[in-house]
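This report walks through a protein model for a reader at the bench, beginning with charged pairs and then turning to the chain as a whole, its backbone and its surface.

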Amino acid sequence: SILSMLGRAQSQSTSSYAERQQTSAVYSNLTLHLLREHIPSVAQIQPGLQLYHAALNSLGRHGSHDAIIKLLNDMKDPSPDKMAYQIAISSLAKCGECRDATQLLHQMRGKGFSPDIVCYNELLIGIARQAGRHQSGKKNEQDPISWHKLALEILEDIESQSDMAKSITDQTYNSIISACGKEKAWEAASLVASKASNSTISSNNIDISENDEQTSSYFSNLDTFHKNGRGNDAWWEIAEYNCGERSIIVGIQPHRNPKRNGMSLVFYRDDLEGNRVKVGRLLLKNDRIPSKEFYFSSIIGMEVNALSRGEGLSKVLVAIWLDICLQTECFPRAAMMNKPLISLVLSKFGFIPDDGGCKCVLVRLEDDDDEHTFGLYSPQKSLDGALSHRVLRIQNIKLLRMLPESSQKGAEVVIKTTFRHPHKPPDGNRDNDEMQVERTLLKDKINAALNLTIDTDMPTSDSVEMTYCSSKDKLLKAFLFF
């Protein structure tokens, strides 16, 4: 319907935030006008639930949270059904209006409707995002809301419904644990983590004693490395990239249940005053190929701290990860990549995009009025909605309708797909010599990125090197949880 089309309509990606807000308000007002006046009066059609669903969804896509609540409360004939409430709750949660979304949840439950687990999860994801922030919404509220307590109350509501309790997913628990962690409710986070562990053990028929023994053994091995921080902030030093005056310390920071949830490689260095500061992290998930002694390390995401951006660190951090892969004999690959700059870095190390991605051109912008550093253009299709506003903001990218004439030739990147690397496990089609060539080529790219390649005709220098804090065996046990 036209209401659904209005929901999918997006403001120009090149417009400012204020302009996008104004455009969204226009689309929202048009949605309400069509539903309340045009369709009943001109089209002579009494709007049914399907049209209301489309209108609520359209308002949600444009962030019109006040209009969502008013429209839902104004529904008399027809009255709101389960789907209407779920659309409204999900939309409000995505807009950051989790307090109002929770009130709608209580209202929905009071009318005898029960949301599905997807709706619950979307609300909990929104709550986890709000956790730890100061309440900046309504000024007449004296105390900020305790988001983790609200998340725990929602978990109790889910568990009180026998059928719904069986549908609880990892996302349910992870969102609640995140909310607890952000508000330093460590005991509550531990209790929820215990529930999650017991649920996973039950659903996968895993022997709890064996699982605990593996986890205990893993952290015992980590304790052979130097530990920094406490609790969820703890990390263990495994290597140092000596690159002159400001060396980078490389550490492992396991996630809860690292075998299932992976780990982060964290990177620190000393600032000019001698204080150790975090410069970035890589999110990884390491897996073993069933029935074979082959291991994969998959990069899921990367973050370079704002103060350290613009120094070319992305390439360095990826190079360090790849060097660890070679040290531990595991094969690198990449999960679904939606960030153009990470895709560009991966391509420089020889990663190959899998089928199904979106080919784009990434260009550096000169004299951009909005102070964007990069522009992204696709000759194949419009990129509207392909990347979230958060990704565009963090990576300082503007979506382009066409390439600017003044821009230099851009770099081709592929997004919205996974990546593989030529250095991969044996498959019967390549002999050992070919595999060694693949490994050597990757090692050469790593050395070049880290400036470890030494020209024999030039004076050697000991100022640049990659050193590990333990034997290869201990490094393998720390990096691969098996």
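A salt bridge is taken here as a side-chain nitrogen of Lys or Arg lying within 4 Å of a carboxyl oxygen of Asp or Glu. Lysine 285 and aspartate 287 meet that rule, with their closest N and O atoms 2.8 Å apart. The model is a predicted one, and the rule gives a count of 14 salt bridges. Side chains of opposite charge can pair when their charged atoms come close.

Three of these pairs are set out below.

| Positive residue | Negative residue | Closest N and O atoms |
|---|---|---|
| Arginine 109 | Aspartate 157 | 3.0 Å |
| Arginine 276 | Glutamate 237 | 2.9 Å |
| Lysine 285 | Aspartate 287 | 2.8 Å |

Arginine 109 forms its salt bridge with aspartate 157; because arginine 109 belongs to helix α6 (residues 98-110) and aspartate 157 to helix α8 (residues 147-159), the pair ties together parts that are 48 residues apart in sequence. Arginine 109 is partly exposed, at 28% relative accessibility, whereas aspartate 157 counts as buried, at 19%.

Arginine 276 pairs in turn with glutamate 237, and since the former lies in strand β5 (residues 276-288) and the latter in strand β2 (residues 235-243), this salt bridge ties together parts that are 39 residues apart in sequence. Here arginine 276 is partly exposed, with a relative accessible area of 38%, while glutamate 237 is buried, at 14%.

In the pair of lysine 285 and aspartate 287, lysine 285 counts as buried at 18% relative accessibility, and aspartate 287 counts as partly exposed at 25%. Salt bridges with shared partners also join Glu237, Asp270 and Arg276 into one network.

Turning to the chain as a whole, the protein has 18 helices and 14 strands, and 43% of its 482 residues count as buried. Of the contacts between residues at least 6 apart in sequence, 61% join residues at least 24 apart. The accessible surface comes to about 26100 Å², and 48% of that area belongs to carbon and sulfur atoms.

Strand β6 and the loop after it offer two residues to inspect. Glutamate 303 is placed in strand β6 and is partly exposed, at 34% relative accessibility; apart from neighbours within four places in sequence, glutamate 303 is in contact with Val279, Gly280 and Arg281. The C-alpha atoms of glutamate 303 and glutamine 395 are separated by 9.8 Å, although the two residues are 92 apart along the chain. Serine 308, in the loop between β6 (295-304) and α14 (313-327), counts as buried at 7% relative accessibility, and it touches Arg269, Val279 and Leu313 when residues up to four places away are not counted.

Some backbone details also deserve a look. The peptide bond from aspartate 77 to proline 78 is cis, with omega near 10°, and proline 78 sits in the loop between α4 (65-74) and α5 (82-94). Lysine 184, which is not a glycine, has a positive phi of about 60°; this residue lies in the loop between α10 (170-182) and α11 (186-204) and is exposed, with a relative accessible area of 54%. Lysine 416 has a positive phi near 60° and is found in the loop between β12 (411-415) and β13 (417-420).

At the surface, Arg129, Lys182, Arg390 and Arg393 form a positive patch. Arginine 393 belongs to helix α16 (residues 389-394) and is exposed, with a relative accessible area of 58%.

How values were computed. Residues numbered from 1 in each chain as written. Predicted model: local features only at pLDDT ≥ 70, side-chain atom pairs only at ≥ 80, totals over all residues. Heavy atoms only, no water. Helix = DSSP H or I, 4+ residues; strand = E, 2+ residues; numbered from the N terminus. Buried < 20%, exposed > 50% of the residue type's maximum accessible area, 1.4 Å probe, protein only. Contact = heavy atoms within 4.5 Å. Areas by Shrake-Rupley, 256 points an atom, 1.4 Å probe, with all protein chains shown as cover. Patch = residues over 30% accessible without salt bridge, like charges linked within 9 Å, V, L, I, M, F, W, Y side chains within 5 Å. Lys, Arg positive; Asp, Glu negative; His and termini not counted. Charge placed at Lys NZ, Arg CZ, Asp CG, Glu CD.
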